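The following exercises concern the interior of a protein chain. Please examine the sequence and the structure before reading each solution.

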Amino acid sequence: MKKPIDPNLDKTGEEELLQSLNIDEDSKSEFSLVDKKTGEGNSKKTDETVSVQEIMDEISVPSLNTRKSKGKVSNKVSGSSGKHHHHHHHHRSRHSSKKKKEKMPVAAKIAIGILLFVFSIIVVVCAAFFVMRGVGHLDMMKKTDASGEPFAYQETIEYKGHTYKYNDDIFSMAFLGVDQRTMENVKNTDFVGATDADVVAAVNTKTGESKIIAIPRDTMVDVDIWSTSGIFLRTEKTQLCLAYAYGDGAKKSCENAVNSISRVLYNVPIQKYFALDLDGIAPLNDAIGGVTVKSIYDAPSLGIRYGETITLKGDMAETYVRTRDMDEVTASLNRTDRQVQYIKAFADQALPAVTKDFSTISRLYNTASKYSQTNFSLNNATYLGSFLLSRGITEFETHTLTGEMKASEDALMPDVVHAEFYPDEDKLMETVLDVFYTQID
């Protein structure tokens, strides 16, 4: 009878072991159960034969301890096998330690550092963009007018048998083209300038639909008259362009002009304003590489011919939007048409530039800031620009008020004739309802 490996391991255990190792009866004879003390067995061990003891040494001991005491088995088989495994793990540990000590190439460290830096910049820029966008949106949609006062407007309007409700999603802004050159060389005067251009832009903050209303500068409207010290004196019906003059040439002038514009448009809310001095037209124009238009004005002496397609650059842009024939009482109406045409062309060329490079918005804003007075912040511009691009808005619907131009003599200066524009009331109301209201019946 063959000697068991362990006194506690009987014949049945040996058979189970051999069976678990897939050894059949024919192959069983190739294995010799060798006595560890004498080194003898019932057959001579060759290079191709392996003792069951060695097989047992190489497999996990706990698998043999299911029926016997773990302590006994542990005492018998922990010898050479344990040492072998200990040596093996120690070797792997030294190998791993050697790998950990290998230094990363300097070039790799620099590359990782650059990538981390770039990633950090991207995160900061994206975060700043979304913060600016959010703040800009909240600020734009405040229910206050240009001077910070609560809106005073008609929430509903009854017109020709229908009811219209003001659209709370509308954001509106006044663009003022200010001429301060007329009196800049005249001493002893309080005149701070007038608005040659009065334009309102309205944007639906849900759909992105954008519309522009151009109001002739000579439109007759109630204007608040203030003293030079800021004391309110009275309200007087006069040309819209003079509303800016009754102020401080800065914030107060802008608010006064915007309030008068609102009155022309049946007191609709106008949240923001952007008053650009004439000196800022050329820099803004050239910032987008010039503006191309098909001329609706004929001035050969200035190099401008009616019907000709021209790209306005430098001072030519100001000339096109500002020049008028002082001998014609209706000359300012043609100038208003040119201003609307120019604004639309500018927007049509600026939006693609912003699509390619969103930083164009901040560059244009910073350029304009040198020549302007405004309560329209860079946050507002960031929100509005990104919003319009996200809606795919590339065009603006334009409206120009129509009406009758009249000549009025100056009581103090008989040789001076003033132009007075009176809008067609029905068409004006239809324009206001189309831009700011929604029919609800």
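**Exercise 1.** In this predicted model, determine which residues Phe436 is in contact with, leaving aside its neighbours within four places in sequence.

*Solution.* Contact requires heavy atoms within 4.5 Å. Under that rule, the partners of Phe436 are Lys165, Tyr166, Asn167, Ile170, Ser172, Val200, Ala202, Ile213, Leu265, Val268 and Pro269.

**Exercise 2.** Identify the members of the largest nonpolar core that touch the most other members, and state which helix gives the largest share.

*Solution.* Step one: the largest nonpolar core has 39 residues, and those touching the most other members are Ile215, Ile261, Leu265, Phe436 and Tyr437. Step two: helix H13 (residues 425-436) supplies the largest share of this core, namely six residues. Step three: another core, of 35 residues, lies apart from it and includes Phe274, Ile281, Tyr320 and Leu364. As a general remark, nonpolar side chains tend to be buried together in soluble globular proteins.

**Exercise 3.** Describe the largest cavity: its volume, the residues nearest its centre, and the character of its lining.

*Solution.* Begin with the count, which comes to five cavities of 30 Å³ or more. The largest cavity has a volume of about 1,200 Å³. Next, consider its lining of 36 residues, where Phe175, Phe274, Leu284, Ile343 and Phe346 lie nearest the centre. Elements giving two or more residues to this lining include strand E3 (170-179), strand E8 (272-277) and helix H10 (331-356). H10 gives the most, with eight residues. Finally, classify the lining of the largest cavity: 31 residues are nonpolar, three are polar and two are charged.

How values were computed. Residues numbered from 1 in each chain as written. Predicted model: local features only at pLDDT ≥ 70, side-chain atom pairs only at ≥ 80, totals over all residues. Heavy atoms only, no water. Core = buried A, V, L, I, M, F, W, Y, C linked by side-chain atoms within 4.5 Å. Buried < 20%, exposed > 50% of the residue type's maximum accessible area, 1.4 Å probe, protein only. Helix = DSSP H or I, 4+ residues; strand = E, 2+ residues; numbered from the N terminus. 1 Å grid on protein atoms, 1.4 Å probe; cavity = no way out; pocket = protein on both sides within 12 Å on 5 of 7 lines; lining within 4 Å. Points joined across faces, edges and corners; volume = space filled by probe spheres on them. Nonpolar A, V, L, I, M, F, W, Y, C, P; charged D, E, K, R; others polar.
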